[in-house]
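Me: I would like to learn how to read some features of a protein model. Could we go through them one at a time, with a case for each?

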Amino acid sequence: MKTANRGTVRTGKFHGVNRFEVGLKYLPQPDFLEFSLPATHHALVTNDGSDLTKQVIDALKAEGNKVVVLNLPGVANPISENAVNIAAATDAAIETAVKSVQTQYGKTGTFIHLHPHFEFQNGNFKQHFAAERAVVKTLFFLSKHLQRDLNELGESQRANFLAVTRTDGKLGQGGRGNTSVIGGGITGLVKCLNLEWSPVFCRVADMQPELKNADIARQIIAELHDADVSIVETAYSDEGRKTTAATPSEVFENREIETSVTSDSVFLVSGGARGVTASCVIEMSKVFQCKFILLGRSDFDFVVPDFAQNESDDGTLKRLIMNDLKERGEKPGLPLVKSIHKNIVAKKEIDDTIAQIENHGGEVIYVKGDVTKLGSFKLALTAAEKKLGRVTGIIHGAGRLADKYIQDKSESDFENVLSVKLDGLLSLFGAVNLNKLDHLIMFSSVAGFYGNVGQTDYAVANEILSKTAHLFKTNHPNTRVSAINWGAWDSGMVSGELKAQFEAAGITLVNSDGGAAMLVNELNTDYADQPQVIIGGTLPAAVSHLGAPQTHRIHRKLTLKNNPFLNHHVIQGNAVLPVVNAVGWMSQSCAALYPDYTVFRIEDTKLFKGIAFDGTQKEDYILELKELEKTAERIVFETTVFSEGGKLPMYHYRAKVTLVNKKNLPAAPTFEHQISGDYQPTDGSILYQDGSLFHGAYFQGIEQILDCNEKQIVLECKAPAVPPAAQGQFAVQSVNTFAADIQYQGMLVWVQKNRGGANSLPLATKRATLYQSVPFGKTLFVTIKVQEATATRMTADCTVYDAEGVVYLETKGAAVTVSAGLAW
């Protein structure tokens with residue numbers, strides 16, 4: 001019996017399936033990696049028809065690059081000098097154009113795609129779809145035919161693939177209502193290429209279209225020279241530089257949520273009769289007892305033979321089909337057997353889905369049609385609406401795969417995969433009144449959000465859906481919109497072989513029951529302003545290309561304005577770069593070159609001349625990273641920060657940094673927390689108030705002094721959260737430098753208490769080992785054991801650990817000066 005309309009429902013069991021909110025996070029301006037192309041190679045730029053192309057060409061030439069232009073098909077203002085025209089947006093025409101470039105100008109070492117900016121008028125969101133789709137297709141097959149040149153060069157030195165879009169400068173999340181979204185799929189392409197092309201630097205950058213072309217060109221060059229290969233997509237606007245972020249969102253099982261779905265809701269569902277989508281609509285029928293019009297390609301009128309009614313084993317079923325054909329005098333050819341088997345399996349799944357929906361009190365009608373062709377199902381849909389009522393919601397769950405490396409992709413692969421998602425969505429839009437739509441749920445994928453090997457076309461299609469969600473929500477604020485970037489399910493299009501690969505990589509698959517329950521949870525009205533969400537796990541991360549040891553020179557322009565945290569570290573009236581932040585700069589820059597490695601050990605840290613912002617400091621500082629050893633297990637660097645401008649370089653800091661492969665990170669040891677019992681714990685916050693410590697709020701982490709004597713000082717601490725924008729160019733990644741500074745503050749406090757009020761500053765450190773990143777806002781303990789103390793120097797071993805004794809950071813041979821005359 002159907003229940004009454006409802007405003008609240010109770011969530012089910014999620015079986016460990018996670019939810020992540022999608023947004024943007026702050027990025028500092030990139031450091032500048034020195035590199036130049038060999039004389040045999042050129043920079044290849046697509047002409048978008050605007051003055052930006054000329055600005056980028058001039059900027060590349062100013063660096064000494066030979067530049068070649070590809071005129072996109074039909075582009076306005078084609079360039080004739082050192083240029084090749086692409087005749088059409090076809091695989092063959094693009095291959096011809098690339099071969100012409102190679103014949104006339106040599107090999108490509110840097111590729112920059114300038115994507116035209118498309119805006120639609122009068123609410124006609126499809127106005128530029130055909131034109132922009134052709135440009136995206138052109139870029140897709142340019143990637144295919146540039147694959148060899150770029151990867152060959154990348155084996156020995158920097159090679160670059162940079163795509164520049166001008167959506168809104170916020171990767172489609174800026175709330176604009178007139179930006180065409182097809183170019184939004186380019187982010188998916190580039191993120192997949194980043195995984196397939198480990199030797200190549202891959203980046204997609206979205207620029208705010210209102211910015212001056214000269215400013216955009218400067219930012220393009222900055223992105224091109226970014227040393228941080230761990231970042232694949234960036235956004236640049238008048239609000240600064242950002243990238244996408246997935247933030248964990250806590251979900252609660254067996255909890256009442258508010259929802260606008262009722263028993264009278266009617267959902268038009270593509271791909272909803274089988275697989276993952278079917279699991280979701282069955283769960284919805286259980287919770288809401290609502291109505292469904294299931295759209296699929298399978299023939300609903302197919303009759304399952306009696307011999308197949310109770311058989312589920314594929315091998316046995318195919319043998320039964322062959323026997324049946326023989327008995328009827330037909331030849332049991334393999335194509336025919338496969339066709340019959342496919343129809344049987346499909347019909348049984350459809351019947352089972354319909355039966356379950358009806359058993360749960362829902363109503364359902366199956367409509368046969370091709371979701372990419374509105375005419376194939378429009379009449380049947382109209383008839384279904386007469387029985388169930390007007391469609392109030394869309395669930396677009398249909399999808400298609402053609403997994404191959406980019407160099408093996410065909411036009412039919414690209415068109416077929418893209419069509420189901422994009423043309424399918426347009427058909428569904430054309431079948432309903434969008435202004436009266438209560439719900440729009442699109443099944444996107446983490447293959448678009450993170451990228452995935454072999455799924456460039458699928459990632460393009462899914463990223464278009466995610467960008468569409470943001471656009472649709474802006475223009476239809478009363479519609480509940482969600483592009484669900486699903487992780488890989490333990491059913492559906494994930495084969496047994498692929499499951500095994502995911503499990504080997506430590507990727508958690510979405511439990512079918514838990515995923516379906518999470519879809520119901522996603523209809524929570526609390527999520528009404530979140531048009532994009534990730535449900536499930538991640539995908540395998542990029543694997544670094546190692547190659548021969550190299551030396552990297554990376555420039556950083558340091559200003560006080562760009563690093564607000566420095567105003568919390570002021571000595572004698574001047575902001576001073578803390579040594580720990582300099583160490584974080586050196587070590588994290590190493591890790592940024594090899595994202596599947598992490599900082600494990602920092603040795604022989606030395607301070608030569610600190611950087612004080614007293615008006616005499618340099619603007620440009622050079623970080624030199626010399627690779628001493630490079631294996632699949634670890635990479636060792638000698639790192640040095642210096643500045644130029646005098647007769648000789650001025651050296652500031654040096655350290656040896658060891659990265660280890662994240663798969664091989666040693667387990668953290670434990671530490672025994674020992675208190676002497678001779679010291680009455682005191683309030684640590686007083687140290688920042690009475691002048692004992694000069695540190696501002698961002699560095700004030702000592703909460704209590706638990707013990708202090710000649711042998712040790714023990715602290716209870718909590719690193720205060722520092723806003724990302726305030727961290728500036730010294731953003732915390734694997735090394736929390738703000739937390740690490742607490743160790744040296746503790747040593748200073750020990751000096752003050754045991755050496756007659758003298759003060760101290762960091763001098764050198766023998767070795768620091770990082771077992772895990774120290775989080776902001778977590779209560780931890782620091783034990784500082786004194787190893788040596790003289791009138792001028794104090795050396796100690798420091799251990800940072802939690803209440804269970806698990807070690808986060810272990811420092812050996814940390815040395816500070818001891819000076820009675822030093823004043824803050």
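Reply: Happily; let us start with helix packing, and keep in mind that this is a predicted model. Two packed helices are described by the angle between their axes and the distance between the axes.

Me: At roughly what angle do the axes of helix H15 and helix H17 cross?

Reply: Helix H15 (residues 579-593) and helix H17 (residues 737-754) have axes that cross at roughly 140 degrees and come within 8 Å. Angles over 145 degrees would count as roughly antiparallel and 65 to 115 as roughly perpendicular, so H15 and H17 are oblique to each other. The crossing in which H15 passes H17 is right-handed. On the H15 side, the contact is made by Val580, Asn581 and Gly584, and on the H17 side by Thr737, Phe738, Ala740, Asp741 and Tyr744.

Me: How many nonpolar, polar and charged residues does the contact of H15 with H17 have?

Reply: The contact of H15 with H17 has four nonpolar residues, three polar ones and one charged.

Me: Let us turn to burial. How many residues of helix H4 are buried?

Reply: Buried means under 20% relative accessible area. In helix H4 (residues 186-196), 11 of the 11 residues are buried, so H4 is largely enclosed by the rest of the structure. The buried residues of H4 include Lys191, Asn194 and Glu196, as well as Ile186, Leu189 and Val190.

Me: And for a single residue, is phenylalanine 472 buried or exposed?

Reply: Phenylalanine 472, which is in helix H12 (residues 456-475), is buried, with a relative accessible area of 6%. Leaving aside neighbours within four places in sequence, phenylalanine 472 is in contact with Phe429, Leu434, Leu437, Leu440, Thr479 and Val481. The C-alpha atoms of phenylalanine 472 and serine 482 are 9.7 Å apart, with the two residues 10 apart along the chain.

Me: Next, backbone angles. Where is asparagine 82 found?

Reply: Asparagine 82 is in the loop between strand S5 (67-71) and strand S6 (83-85). Its phi is positive, about 50 degrees, although asparagine 82 is not a glycine. With 32% relative accessibility, asparagine 82 counts as partly exposed. Asparagine 122 also has a positive phi, near 55 degrees. That residue is found in the loop between strand S7 (107-114) and helix H3 (129-154), and asparagine 122 is exposed, at a relative accessible area of 83%.

Me: Finally, how many salt bridges does a search of the whole structure find?

Reply: The search finds 41 salt bridges. For each pair, it helps to look at the distance, the sequence separation and the burial. Aspartate 31 and arginine 556 meet in a salt bridge through their side chains, at 2.8 Å from N to O. This pair links distant parts of the chain, 525 residues apart: aspartate 31 is in the loop between strand S2 (19-27) and strand S3 (32-33), and arginine 556 is in strand S20 (residues 551-557). Aspartate 31 counts as buried at 11% relative accessibility, and arginine 556 is buried at 7%.

Me: Which parts does the salt bridge of arginine 553 and glutamate 34 tie together?

Reply: The side chains of arginine 553 and glutamate 34 meet at 3.1 Å, N to O. Arginine 553 lies in strand S20 and glutamate 34 in the loop between S3 and strand S4 (41-47), so the pair ties together parts that are 519 residues apart in sequence. Arginine 553 counts as partly exposed at 24% relative accessibility, and glutamate 34 is partly exposed at 34%.

Conventions
Residues numbered from 1 in each chain as written. Predicted model: local features only at pLDDT ≥ 70, side-chain atom pairs only at ≥ 80, totals over all residues. Heavy atoms only, no water. Axes fitted to C-alpha atoms, helices over the stretch in contact; angles between N-to-C directions. Helix = DSSP H or I, 4+ residues; strand = E, 2+ residues; numbered from the N terminus. Parallel < 35°, antiparallel > 145°, perpendicular 65-115°, else oblique. Left-handed = near helix turned anticlockwise from the far one by under 90°. Contact = heavy atoms within 4.5 Å. Nonpolar A, V, L, I, M, F, W, Y, C, P; charged D, E, K, R; others polar. Buried < 20%, exposed > 50% of the residue type's maximum accessible area, 1.4 Å probe, protein only. Salt bridge = Lys/Arg side-chain N within 4 Å of Asp/Glu carboxyl O.
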